[in-house]
Amino acid sequence: MSEQLEVLGEILARLIRDREKFEKLLENPIDAHSDECARQALAGTELLIGDVNRQIEKLSAAELEAASDSSQLTTWFRIIE
């Protein structure tokens, strides 16, 4: 799971860089068409960032739960011994 989290982190970093690029394009629009394209790209990037953040949260929660379960198993093994 940590490998998946690492990949998602890299994707998130790339999306954040893209968002910043689109925001800069909106600061100095060339024409109405490019301004609209940048707005649409920014909106799509925001949606993707939200999706990636949710995936990171789910994997992080699952990883914490797995770590918790394994520590509980270790405790049970100690009790049995």
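Student: In this predicted model, which helix holds both Arg14 and Asp18, and how many residues apart are they?
Tutor: Arg14 and Asp18 are separated by about one turn of the helix. That helix is H1, and the two are 4 residues apart.

Student: How far apart are the closest N and O atoms of Arg14 and Asp18?
Tutor: Side chains of opposite charge can pair when their charged atoms come close. The cut-off for a salt bridge is 4 Å from side-chain nitrogen to carboxyl oxygen. Arg14 and Asp18 do form a salt bridge, and their closest N and O atoms are apart by 3.3 Å.

Student: Is Asp18 buried or exposed?
Tutor: Its partner Arg14 has a relative accessible area of 48%, so Arg14 is partly exposed. For Asp18 the relative accessible area is 17%. Buried means under 20%, so Asp18 is buried.

Student: Where is Asp35 found, and what is it in contact with, leaving aside its neighbours within four places in sequence?
Tutor: Asp35 is found in helix H2. Its relative accessible area is 16%, so Asp35 is buried. With neighbours within four places in sequence left aside, the residues in contact with Asp35 are Leu26 and Pro29.

Student: Which side chain meets that of Asp35 in a salt bridge?
Tutor: The N to O distance in this salt bridge is 3.2 Å. The partner lies 4 residues from Asp35 in helix H2, about one helical turn away. With a relative accessible area of 46%, the partner is partly exposed. The residue is Arg39.

Student: What is the distance between the closest N and O atoms of Asp51 and Arg54?
Tutor: Both residues lie in helix H2, 3 residues apart. Asp51 is partly exposed at 39% relative accessible area, and Arg54 is partly exposed at 46%. They form a salt bridge, with the closest N and O atoms separated by 2.3 Å.

Student: How many salt bridges does the count come to?
Tutor: Arg14 with Asp18 is one of them, and Asp51 with Arg54 is another. The count comes to 4.

Student: Which helices each supply at least two residues of the largest nonpolar core?
Tutor: The largest nonpolar core has 8 residues, including Leu5, Leu8, Ile49 and Leu59. At least two residues of this core come from each of helix H1 (2-27) and helix H2 (32-80).

Student: Leaving aside its neighbours within four places in sequence, which residues is Val52 in contact with?
Tutor: Val52 is one of the residues of the largest nonpolar core. With neighbours within four places in sequence set aside, its contacts are Leu8, Ile11, Leu12 and Leu15.

How values were computed
Residues are numbered from 1 along each chain as its sequence is written. This is a predicted model: local features need pLDDT of at least 70, side-chain atom pairs count only at pLDDT 80 or more; totals for chains, interfaces and linings use all residues. Side-chain values use heavy atoms; hydrogens and water are left out. A nonpolar core is a set of buried Ala, Val, Leu, Ile, Met, Phe, Trp, Tyr and Cys residues joined through side-chain atoms within 4.5 Å. Buried means under 20% relative accessible area, exposed over 50%, partly exposed in between (1.4 Å probe, protein chains only). Contact means heavy atoms within 4.5 Å.
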